[in-house]
Amino acid sequence: MPTVNEINSAVYSFLADDETLSGLCTIYKGSKRPSKMQIPSVTVDTRDLRPGEGEGIWMCDVVVAAYTDILANRMPDHGKLEELSSAVSDILTDAEIILNAAKALPLIKGGSTGPEWEKCHDNQMMQEMTFGLVFVKFD
């Protein structure tokens, strides 16, 4: 069965291979935010990997977080967050990632959060976008 790291890597490769997105930001994978992260950036994290209904069916949430600096007036950079969110959505909506020993269905675009401030990074905002992944594992 695919691991969280394999899912992160498969989604990361879709994002990193896109010249538009890689020209806009730095792309990272994994659940931990790099301490010296380049801004603007996006991260890929797989959450809540669980069995679905039916034999061999699994599902999870793939969360892509976009990070930007706060503007001089201490407001979120809505323009940059929208640009990153739009690029990620264009790449991942209905994308079929490649997994070892499993067949992935197209990614399902879910919701997104509004811009959020992280208290440990007072000069940055982040916004999360969620994509649903359903796959069938082969024994």
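The buried residues of helix α3 are Leu81, Leu84, Ser85, Ala87, Val88, Ser89, Ile91 and Leu92, as seen in a model that is predicted. The cover over these buried residues of α3 includes two helices, α1 (4–16) and α2 (19–24), together with the strands β2 (41–51), β3 (57–69), β5 (108–112) and β7 (121–137). Helix α3 itself runs through residues 78–92, and its 15 residues reach 21 Å from the first C-alpha to the last, which is close to the 21 Å expected at 1.5 Å a residue. Just after this helix, aspartate 94 takes a positive phi of about 70°.

The chain as a whole contains three helices and seven strands, and these elements follow one another along the sequence in the pattern α-α-β-β-β-α-β-β-β-β. For a chain of 139 residues, a compact globule would have a radius of gyration near 14 Å, and the value of 15 Å found for the chain agrees with this. Taken along the principal axes, the C-alpha atoms fill a box of roughly 55 × 30 × 25 Å. Of the 139 residues, 41% count as buried, and the chain exposes about 7500 Å², of which carbon and sulfur atoms supply 50%. When contacts between residues at least 6 apart in sequence are considered, 58% of them join residues at least 24 apart. As regards charge, the chain has 12 positive and 21 negative side chains, and the centres of the two sets lie 7 Å apart.

Strand β2 holds two residues that can be described in some detail. Threonine 43 lies in this strand and is buried, because its relative accessible area of 7% falls under the 20% limit for a buried residue. Leaving aside neighbours within four places in sequence, threonine 43 is in contact with Tyr28, Met37, Val63, Val64, Ala65 and Tyr67. Of these partners, Tyr28 belongs to the range of β1 (26–29), while Val63, Val64, Ala65 and Tyr67 belong to the range of β3 (57–69). Aspartate 48, which is also placed in strand β2, has a phi near 60°, a positive value in a residue other than glycine. With a relative accessible area of 48%, aspartate 48 is partly exposed.

Further backbone features occur in the loops. The peptide bond from isoleucine 39 to proline 40 is cis, with omega near 0°, and proline 40 has its place in the loop between β1 and β2. In the loop between α3 and β4 (102–104) is found alanine 101, whose phi near 60° is again a positive value in a residue other than glycine; alanine 101 has a relative accessible area of 42% and is therefore partly exposed.

The loop between β3 and α3 contains alanine 72, which counts as exposed because its relative accessibility is 86%, a value over the 50% limit. Alanine 72 and isoleucine 108 are separated by 36 residues in sequence and by 36 Å in space, C-alpha to C-alpha. Isoleucine 108 falls within the range of β5 (108–112), one of the strands included in the cover of the buried residues of α3.

Conventions:
Residues are numbered from 1 along each chain as its sequence is written. This is a predicted model: local features need pLDDT of at least 70, side-chain atom pairs count only at pLDDT 80 or more; totals for chains, interfaces and linings use all residues. Side-chain values use heavy atoms; hydrogens and water are left out. Helices (H or I, at least four residues) and strands (E, at least two) are DSSP runs, numbered from the N terminus. The radius of gyration is taken over C-alpha atoms; the globule rule is 2.2 Å times the number of residues to the power 0.38. Buried means under 20% relative accessible area, exposed over 50%, partly exposed in between (1.4 Å probe, protein chains only). Contact means heavy atoms within 4.5 Å. Accessible areas come from the Shrake-Rupley method with a 1.4 Å probe; for residues, only the protein chains shown count as cover. Lys and Arg count as positive and Asp and Glu as negative; His and the chain ends are not counted. The place of a charge is taken as NZ of Lys, CZ of Arg, CG of Asp or CD of Glu. The expected span of a helix is 1.5 Å times one less than its number of residues.
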